[in-house]
Amino acid sequence: ISVKSRLDNLLQSNSSDPKEVSPRVAIIMGSQSDLPVMKDAERVLKEFNIPCEQTIVSAHRTPERMYDYAKSAKDRGFEVIIAGAGGAAHLPGMVASLTSLPVIGVPIKTSTLSGFDSLLSIVQMPKGIPVATVAIGNAENAGLLAVRILAARDPELWDRVTKYQNDLRDMVLETAERLED
Ligand code: RP5
């Protein structure tokens, strides 16, 4: 299976059609090799019916594209950017330096340093340019954090996030009760 068809397969379920609804969250990543991890962010956003756009923007291989993407993100209607990258993971920080939108960084696990390199590259931002960094490979939490940011001013979404959290609590309590029986 070629790289192109693998990418096509991964992108097949790609988020909302921007022609139909304007995406509120951008999910970007440094490489197509990040897609299997970053799909989790897209899945969460879909579960909460939040339109998103998913694409590849490399800080190192396509720096001009990264600049244009970050600079136009606000005007395009995005409210949050989720950025995943591995190794010398400069994408989230550079994007955060080019826009004032909130940026959530996802450190991608690497084969050589297990993702510690990605984590440190993303989390160690200088004062003034924040990136909200999730755990290595935890794109699901990046999606949830984006949902929470949007929910602060969206009562209907707020109710759904609260229900999600209550369901998690109930699951734990039910399991605990079963263990105690
Ligand atoms: C980073 O380099 C990407 O985010 C990816 O995690 C890593 C490796 O990229 P590939 O060599 O697999 O394209 O820029």
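Begin by selecting Arg43, which lies in helix H2 (residues 35-47); helices here are DSSP runs of H or I with at least four residues, strands are runs of E with at least two, and both are numbered from the N terminus. This is a predicted model, in which local features need pLDDT of at least 70 and side-chain atom pairs count only at pLDDT 80 or more, while totals for chains, interfaces and linings use all residues. Residues are numbered from 1 along each chain as its sequence is written.

Arg43 is partly exposed, because 14 other C-beta atoms lie within 10 Å; with C-beta atoms placed from the backbone, a residue is buried if 20 or more others lie within 10 Å of its own, exposed if 12 or fewer, and partly exposed in between. Add Glu140 to the selection: Arg43 and Glu140 are 97 residues apart in sequence, yet their C-alpha atoms are 7.9 Å apart in space.

Now colour the whole chain by secondary structure, where seven helices and five strands appear, in the order α-β-α-β-α-β-α-β-α-β-α-α along the sequence. Of the 181 residues, 36% count as buried.

Next, select strand S1 (residues 25-29), which is largely enclosed by the rest of the structure because five of its five residues are buried. Val25, Ile27 and Met29 on one side, and Ala26 and Ile28 on the other, are all buried, so both faces of S1 are covered. S1 pairs with strand S2 (residues 52-56) in the parallel sense over five bridges, where pairing requires that DSSP find at least two bridges between two strands; in this pair, Val25 stands opposite Cys52. From S1 the chain crosses through H2 to S2, and this β-α-β crossover is right-handed, meaning that, with the strands pointing away from the viewer, the path from the first strand over the helix to the second runs clockwise. S1 also pairs with strand S3 (residues 80-86), again parallel and over five bridges, and the bridge partner of Ala26 in S3 is Ile81.

Turn then to the ligand, whose surrounding residues include Met29, Asp34, His60 and Ile108; a residue is near a molecule if its C-beta atom, placed from the backbone, lies within 6 Å of it.

Finish at helix H7 (residues 155-180), whose 26 residues should span 38 Å at 1.5 Å a residue, and whose end C-alpha atoms are 37 Å apart, which agrees; the expected span is 1.5 Å times one less than the number of residues. H7 is hardly covered, as the count of buried residues among its 26 residues is zero.
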